[in-house]
Amino acid sequence: MAAPALLLLALLLPVGAWPGLPRRPCVHCCRPAWPPGPYARVSDRDLWRGDLWRGLPRVRPTIDIEILKGEKGEAGVRGRAGRSGKEGPPGARGLQGRRGQKGQVGPPGAACRRAYAAFSVGRREGLHSSDHFQAVPFDTELVNLDGAFDLAAGRFLCTVPGVYFLSLNVHTWNYKETYLHIMLNRRPAAVLYAQPSERSVMQAQSLMLLLAAGDAVWVRMFQRDRDNAIYGEHGDLYITFSGHLVKPAAEL
């Protein structure tokens, strides 16, 4: 009678309710307790800490940054520019660059224009001096560039400064004196002279002068106590006065 009663009591009471026996948590047969207690086996702890965690999916929270991000604000007012800093020391010289390609040929330039000046005039009619000083006029124009020589006044007016070569040729008159000056402005630069003779001859004088712009060159007869004359004929040209630019002042 006592044995069946005890068996029935063992089935009805839980394990922890038995007097004198330590309580132990219920352990499933297929997996360890949740979480394992102090009485769990080492194999159960390892299963819980290792294999069980490896098998479970890991859940990570995801936060949408676009939801938390606000709208873009307006641009602020530009601040004042700061003060310039001190100039730094010069850097080292860089390496020489490569030689560039040859450029295209440029358009042709204007032709070099060289200055010219020349005259050559003559007188076909003879002339006797009637005054102490008398300018010799000319009636024949051989060369007169730019009209620089005035035939009526017998003067060449320089417009291109430089060195000029001048020459005067006359024919003397029988038994009369020939006395002429090649004049530079109001100053005699050279003399052509022939004494009276029974035979007429050709006389010549030449020189070089440095003329400035505006200078005048002309021929003057100079009468003293004798009759002064130069011979001429309408058919032939005995009296000539010529000059030309040798080198302009810009090239001196």
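Which polar atom lies 2.8 Å from the backbone nitrogen of Val201? In this predicted model, the atom in question belongs to the side chain of Thr172.

## Overall architecture

The chain has 252 residues, of which 28% are buried. Its secondary structure consists of three helices and 13 strands. Among contacts with a separation of 6 or more, 68% join residues that are 24 or more positions apart.

The surface exposed by the chain amounts to about 19700 Å². Carbon and sulfur atoms provide 55% of that area.

## Thr172 and its surroundings

Thr172 is located in the loop between β7 and β8, the latter spanning residues 178–184. Because its relative accessibility is 4%, and buried means under 20%, Thr172 is classed as buried. A loop position and burial are thus found together in this residue.

Apart from residues up to four places away in sequence, Thr172 touches Thr178, Ala194, Arg199, Ser200, Val201, Gln203 and Tyr231. Val201 therefore appears both in this list and in the pairing of its backbone nitrogen with a polar side-chain atom of Thr172, at 2.8 Å.

## The largest nonpolar core

The largest nonpolar core contains 30 residues, and Phe156, Leu180 and Phe241 have the most contacts inside it. Two or more residues each come from β1 (118–123), β7, β8, β9 (187–194), β10 (202–211), β11 (216–222) and β13 (239–248). The greatest contribution is that of β7, which supplies four residues.

Leu180 illustrates the setting of one of these residues. Leaving aside residues up to four places away in sequence, Leu180 touches Val136, Leu168, Val170, Ala190, Val191, Leu192, Val219, Arg220, Met221 and Ile230.

## A nonpolar patch on the surface

Nonpolar residues also occur at the surface. Tyr116, Leu142, Val143 and Leu145 form a nonpolar patch there, and together they have about 390 Å² of accessible area.

Leu145, one of the patch residues, is placed in the loop between β4 (140–144) and β5 (149–150). The relative accessible area of Leu145 is 37%, so the residue is partly exposed.

## Loop residues with positive phi

Asp146 shares the loop between β4 and β5 with Leu145. Its phi is near 60 degrees, a positive value in a residue other than glycine. Asp146 has a relative accessible area of 74%; exposed means over 50%, and Asp146 is therefore exposed.

Asn185 is situated in the loop between β8 and β9. Phi of Asn185 is likewise near 60 degrees, and this positive value again belongs to a residue other than glycine. With a relative accessible area of 31%, Asn185 is partly exposed.

## Thr159 and a distant position in sequence

Where is Thr159 placed in the chain? Thr159 belongs to the loop between β6 (155–157) and β7 (162–171). Its relative accessible area is 56%, so Thr159 counts as exposed.

Thr159 and Ala213 are 54 residues apart along the chain, yet their C-alpha atoms are separated by 5.0 Å.

Methods: Residues numbered from 1 in each chain as written. Predicted model: local features only at pLDDT ≥ 70, side-chain atom pairs only at ≥ 80, totals over all residues. Heavy atoms only, no water. Buried < 20%, exposed > 50% of the residue type's maximum accessible area, 1.4 Å probe, protein only. Patch = residues over 30% accessible without salt bridge, like charges linked within 9 Å, V, L, I, M, F, W, Y side chains within 5 Å. Areas by Shrake-Rupley, 256 points an atom, 1.4 Å probe, with all protein chains shown as cover. Salt bridge = Lys/Arg side-chain N within 4 Å of Asp/Glu carboxyl O. Contact = heavy atoms within 4.5 Å. Polar contact = N/O pair within 3.5 Å; in protein donor to acceptor, adjacent residues only side chain to side chain. Core = buried A, V, L, I, M, F, W, Y, C linked by side-chain atoms within 4.5 Å.
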